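Student: Could you take me through one corner of this fold at the level of individual side chains? I'd like the cut-offs as we go, since I'll want to compare them with my own.

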Amino acid sequence: MDGYLALLAGLAAPGATVFVLAVSLKAGHGWGVTEELLRTGFPEPEWFDTQIEETEVAAKTGGQELILPGYLLRTIRASDT
C-alpha cells in the first residue's frame with residue numbers, strides 16, 4: 001500500500017481531488033491499513049484538506065458477500081508554485 005500511495009503524487013494533477021477507499025486492519029484478516037498509514041501517505045504541504053472517515057467496504061469473493069470496516073480518504077493535491 002505504501003508504494004501505491006507514493007505513486008499518487010506523480011499521478012494526480014495539481015489541484016486534483018483524490019479519494020482512497022481501503023479496508024481497515026480492524027477487519028481482522030491480517031491485512032489492511034490504519035488511519036495513521038493513510039495520513040502519513042498524504043503529508044502537507046503536498047496535500048491539503050485531508051479528511052478520513054471510517055466506513056464499510058462491501059466486497060464479493062467466491063460468491064460470498066463481505067462487509068468490512070474501512071476508511072474513505074479525501075484529499076487535494078497542492079498546486080505547483
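**A close look at one loop and its surroundings**

Tutor: Let's start with Ser 24, which sits in the loop between S1 and H2; helices (H or I, at least four residues) and strands (E, at least two) are DSSP runs numbered from the N terminus. Before going on: this is a predicted model, where local features need pLDDT of at least 70, side-chain atom pairs count only at pLDDT 80 or more, and totals for chains, interfaces and linings use all residues. Numbering runs from 1 along each chain as its sequence is written, and side-chain values use heavy atoms, with hydrogens and water left out.

Back to Ser 24: with a relative accessible area of 2%, this residue is buried (under 20% is buried, over 50% exposed, in between partly exposed, with a 1.4 Å probe and protein chains only). Leaving aside neighbours within four places in sequence, Ser 24 is in contact with Trp 31, Gly 32, Val 33, Pro 69, Gly 70 and Tyr 71, contact being heavy atoms within 4.5 Å.

Lys 26 lies in the loop between strand S1 (17–23) and helix H2 (35–41) too. Lys 26 makes a salt bridge with Glu 54, at 3.4 Å between the closest N and O atoms (the cut-off is a side-chain nitrogen of Lys or Arg within 4 Å of a carboxyl oxygen of Asp or Glu). Since Glu 54 belongs to strand S2 (residues 47–61), this pair ties together parts that are 28 residues apart in sequence. Lys 26 and Glu 54 are both exposed.

The structure has four salt bridges, so let's follow the chain into H2 for another, between Arg 39 and Glu 35 at 3.1 Å, N to O. These two are four residues apart in helix H2, which means about one helical turn separates them. Arg 39 is partly exposed at 39%, and Glu 35 is partly exposed at 28%.

Further along, Arg 77 has two partners. One is Glu 46, in a salt bridge with the closest N and O atoms 4.0 Å apart. That pair links distant parts of the chain, with Arg 77 in strand S3 (residues 64–77) and Glu 46 in the loop between H2 and S2, 31 residues apart. Arg 77 counts as buried at 13% relative accessibility, while Glu 46, at 33%, counts as partly exposed.

The other partner is Trp 47: Arg 77 lies over the face of its ring, 5.8 Å from the ring centre (NZ of Lys or CZ of Arg must be within 6 Å of the centre and within 35 degrees of the ring normal). Trp 47 also brings us to the aromatic pair, and the structure holds one. Phe 42 and Trp 47 have ring centres 5.0 Å apart and planes at 80°, so they pair edge-to-face (Phe, Tyr and six-membered Trp rings with centres within 6.5 Å; under 30 degrees is stacked, over 60 edge-to-face, the rest tilted). Phe 42 and Trp 47 are buried.

To finish, look at S3 again, where Leu 72 is placed. Leu 72 is partly exposed, at 32%, and joins Phe 19 and Leu 21 in a nonpolar surface patch of about 300 Å². Patch members have over 30% relative accessible area and no salt bridge, with like charges joined within 9 Å and nonpolar side chains (Val, Leu, Ile, Met, Phe, Trp, Tyr) within 5 Å; areas are Shrake-Rupley with a 1.4 Å probe, and for residues only the protein chains shown count as cover.
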